[in-house]
Amino acid sequence: MCGIVGYVGDKQAVGVLIEGLRRLEYRGYDSAGIAVPDGAEGLCVVKRQGKLADLEAAPELAGLVGTTGIGHTRWATHGVPSERNSHPHLDAAGRVAVVHNGIIENFHDLRAELESEGIEFRSDTDSEVIAQLIGLELAGVPGADLAEAVSSVCRKLEGAFAIAVVASDSPGRIVGARRHAPLVTGVTETGTILASDIPALISETREIIVVEDDELVDLRAGSLVVSDIEGRERVPDTVHVDWDVAAAERSGFEDFMLKEIHEQPRVIGDTLRGRIDTVTGSLRLDELRTSDDELRSANKVFVVACGTSFHAGLVAKYAIEHWVRVPVEIDIASEFRYRDPVLDARTLVIGVSQSGETADTIAACRYASQLGAKVVAVTNVVGSSLAREADAVVYTHAGPEIGVAATKTFTCQIAALLVLSLYLGQTRGSLYPSEVRGVLEQMRRLPEQVAEVLDDVDPIRAEAGRWARVHDAFYLGRGPAYSTALEGALKMKEISYLHAEAYPSGELKHGPLALIVEGVPVISVVTAGHVQKKTISNVAEVAARGGRIVLVANAGTDMGGLLPDTVFEVPETHELLAPIVDSVVLQLLAYHVAKQRGCDVDRPRNLAKTVTVE
Ligand code: AGP
């Protein structure tokens with residue numbers, strides 16, 4: 001997730017761009033850059049690795065007086081955070097500059113094609129292919145039109161993109177385009193503006209035009225034209241936005257946590273994007289730098305992580321053992337590093353960390369490397385310490401998460417871990433291609449299933465309303481649903497400060513059942529799976545002790561005579577995929593309970609987003 005902005009008008013572009021980028025910094029903050037066409041100099045590009053403040057401090061900005069420009073604030077997805085990978089990217093001739101938000105799925109193929117024609121790439125990003133392709137469309141074609149070139153290139157791109165393009169041969173003009181990534185535009189008192197998100201626009205205009213998928217926008221100082229990819233113009237409607245800047249950064253949601261919960265359909269899609277070969281239906285993991293032979297020779301897998309990442313890792317244990325038939329151990333990173341684990345060169349260690357900077361997880365993976373194991377990092381932050389030190393990386397593409405409580409990064413971690421598990425199964429031949437395709441088919445439906453859960457929030461809000469006098473709550477699940485229960489309880493604890501514990505449902509009668517008294521809420525995950533009936537009979541034991549029965553279940557589940565107090569119905573999927581769908585209900589339950597208790601959900605007490613000390 002990156003931020004893009006473009007302005008053409010009467011004001012000096014630099015000021016408008018920097019102001020817009022400041023409003024978009026929450027979308028990405030590992031580097032920033034701008035491009036301003038200047039008649040005499042061609043395209044002037046200034047980029048800095050680091051925060052926007054580093055770009056603002058660049059002395060070169062002072063000389064940029066042009067009134068057209070594009071800017072970018074980056075959250076790396078392909079290529080580590082560095083000046084070379086920062087946007088804007090230029091074509092080979094340095095006449096076209098592009099800023100991009102999204103992921104180009106077919107960039108490997110496009111890049112290989114361009115390289116075979118002798119084009120040298122200057123970055124490791126997927127985005128640079130866009131600049132190079134547009135440059136080629138324009139090169140040597142007298143009178144070639146920028147909008148037509150952009151439109152032609154968009155037809156070649158697969159994946160998600162919102163782009164803004166300037167060219168030295170088209171002064172006073174910006175062309176933007178989008179597919180599956182947001183782009184908004186508008187007319188200001190002094191010109192026209194476009195951006196990946198509303199906050200960047202509202203200091204210039206509050207009348208916003210939302211660009212649709214496969215549409216182009218052609219911005220000049222005195223005109224703004226919206227057309228489809230074939231060049232057919234559309235008369236756009238404007239939407240009046242009266243959010244203040246802070247609300248706009250949260251896309252109108254009350255908190256970042258709620259916004260991030262609602263981003264899940266899109267970011268789960270982004271995490272899966274580009275990993276599935278659309279022709280063969282098989283899996284592609286570009287960032288996995290280990291050889292297939294190394295993956296084939298592994299005779300044991302360890303998963304190490306902390307907190308929410310540990311819960312996501314638990315799903316990988318179930319998935320790898322089931323699909324790959326290799327023994328998997330999972331451990332809390334702070335335990336693993338001090339407990340003398342048995343591992344060697346044939347052990348594969350999967351380190352899971354949203355931030356990639358958690359001290360214990362890094363130390364655990366380092367220790368595993370010293371013992372000769374191969375380390376695969378699953379992380380959300382490109383170029384993080386964990387990503388740099390690991391032998392291979394699978395990124396989660398969830399975008400920056402501002403809320404301290406992990407939500408979208410949890411479901412994306414599971415998605416990435418499932419892809420990795422399937423890849424291991426595919427590579428080692430423990431799964432038939434048809435089995436892989438069958439699971440992938442169900443994975444493709446996850447974004448829409450999560451969106452369905454988000455649309456059905458009333459029963460969750462109503463249940464939260466019954467928690468005014470609750471002090472303790474229990475969460476139950478078996479198999480992968482145990483991970484959902486653990487994460488549900490952690491969310492409740494950290495943002496509402498209620499005591500919440502999760503147990504594998506079969507473990508209840510070995511002690512915790514003593515805590516079940518009249519009215520204590522017990523949230524049980526009983527979605528479809530081979531142990532569903534067993535969980536339902538454990539829930540009956542709770543009901544017999546007077547516990548309040550709250551279920552996460554699929555429609556039409558046979559409850560075997562059980563009479564739950566509340567049922568949250570969720571769409572059915574494969575039981576290993578279900579934690580992605582089911583945990584969204586528990587995120588929302590924790591959120592609404594916490595809000596009713598007046599808690600600050602984005603900044604829970606005593607907690608830090610990234611724990612860089614042991
Ligand atoms: C969960 O809401 C917390 N943010 C916390 O448990 C977190 O998952 C843990 O600190 C690990 O962080 P990491 O994924 O960045 O390594």
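## Strands, helices and cores in a predicted model

Ala392 has its place in strand 20, which covers residues 392-395, and the model in which this residue is described is a predicted one. Because its relative accessible area is 0%, and buried means under 20%, Ala392 counts as buried. Along the chain Ala392 and Val376 are 16 residues apart, yet their C-alpha atoms are separated by 4.7 Å. If residues up to four places away in sequence are not counted, Ala392 touches Glu287, Leu288, Arg289 and Thr290, and also Val375, Val376 and Ala377.

Val376 also leads to the neighbouring topic of strand pairing, since this residue of strand 19 is the bridge partner of Ile350. Strand 19 (residues 374-379) and strand 18 pair in the parallel sense, and 6 bridges lie between them. Strand 18 is also joined by 6 bridges to strand 16 (residues 300-305), and these two strands run parallel as well; within this pairing, Val301 stands opposite Leu348 of strand 18.

Is strand 18 largely enclosed by the rest of the structure or not, and why? Strand 18 (residues 347-353) is largely enclosed, because 7 of its 7 residues are buried. Thr347, Val349, Gly351 and Ser353 point one way from the strand, while Leu348, Ile350 and Val352 point the other way, and all of them are buried. This fits a wider pattern: in a regular strand the side chains alternate between the two faces of the sheet.

Two residues of strand 18, Val352 and Ser353, are in contact with Ser309, as are Gln354 and Gln413, when the neighbours of Ser309 within four places in sequence are left aside. Ser309 itself has its place in helix 10 and counts as buried because its relative accessibility is 8%.

Helix 10 (residues 307-324) also meets helix 18 (residues 480-496): their axes come within 8 Å and cross at roughly 175°, and the two helices are therefore roughly antiparallel to each other. On the helix 10 side the residues that meet helix 18 include Leu314, Val315 and Tyr318, and on the helix 18 side those that meet helix 10 include Leu486, Leu490 and Lys491.

The structure also holds an open sheet of 7 strands, with antiparallel pairing and the order 5-6-7-8-12-13-14. Its edge strands, strand 5 (89-90) and strand 14 (233-234), each pair on one side only. Strand 13 (residues 223-228) is joined to strand 14 by 2 bridges, and one bridge partner pair is Val226 with Arg234 of strand 14. Helix 4 (residues 128-138) packs on this sheet, where it touches strand 5, strand 6 (96-104) and strand 7 (159-167), and its direction makes about 135° with that of strand 6.

The nonpolar cores can be set side by side.

| Core | Number of residues | Some members |
|---|---|---|
| Largest nonpolar core | 95 residues | Trp323, Leu418, Met443 |
| Second, separate core | 31 residues | Val16, Leu17, Leu64 |

In the largest core, Trp323, Leu418, Met443, Trp467, Tyr475 and Leu589 touch the most other members. Helix 14 (residues 408-428) gives this core its largest share, 12 residues, and the core draws at least three residues from each of domain 2 (260-444) and domain 3 (452-596). Which residues does Met443 touch, not counting those up to four places away in sequence? Met443 touches Leu272, Ala415, Leu418, Val419, Leu422 and Leu577. In soluble globular proteins, nonpolar side chains tend to be buried together.

Key. Residues are numbered from 1 along each chain as its sequence is written. This is a predicted model: local features need pLDDT of at least 70, side-chain atom pairs count only at pLDDT 80 or more; totals for chains, interfaces and linings use all residues. Side-chain values use heavy atoms; hydrogens and water are left out. A nonpolar core is a set of buried Ala, Val, Leu, Ile, Met, Phe, Trp, Tyr and Cys residues joined through side-chain atoms within 4.5 Å. Buried means under 20% relative accessible area, exposed over 50%, partly exposed in between (1.4 Å probe, protein chains only). Helices (H or I, at least four residues) and strands (E, at least two) are DSSP runs, numbered from the N terminus. Domain bounds come from an automatic or database domain assignment. Contact means heavy atoms within 4.5 Å. Two strands pair if DSSP finds at least two bridges between them. Axes are lines fitted to C-alpha atoms, for helices over the stretch in contact, and angles run from 0 to 180 degrees between N-to-C directions. Angles under 35 degrees count as roughly parallel, over 145 as roughly antiparallel, 65 to 115 as roughly perpendicular and the rest as oblique.
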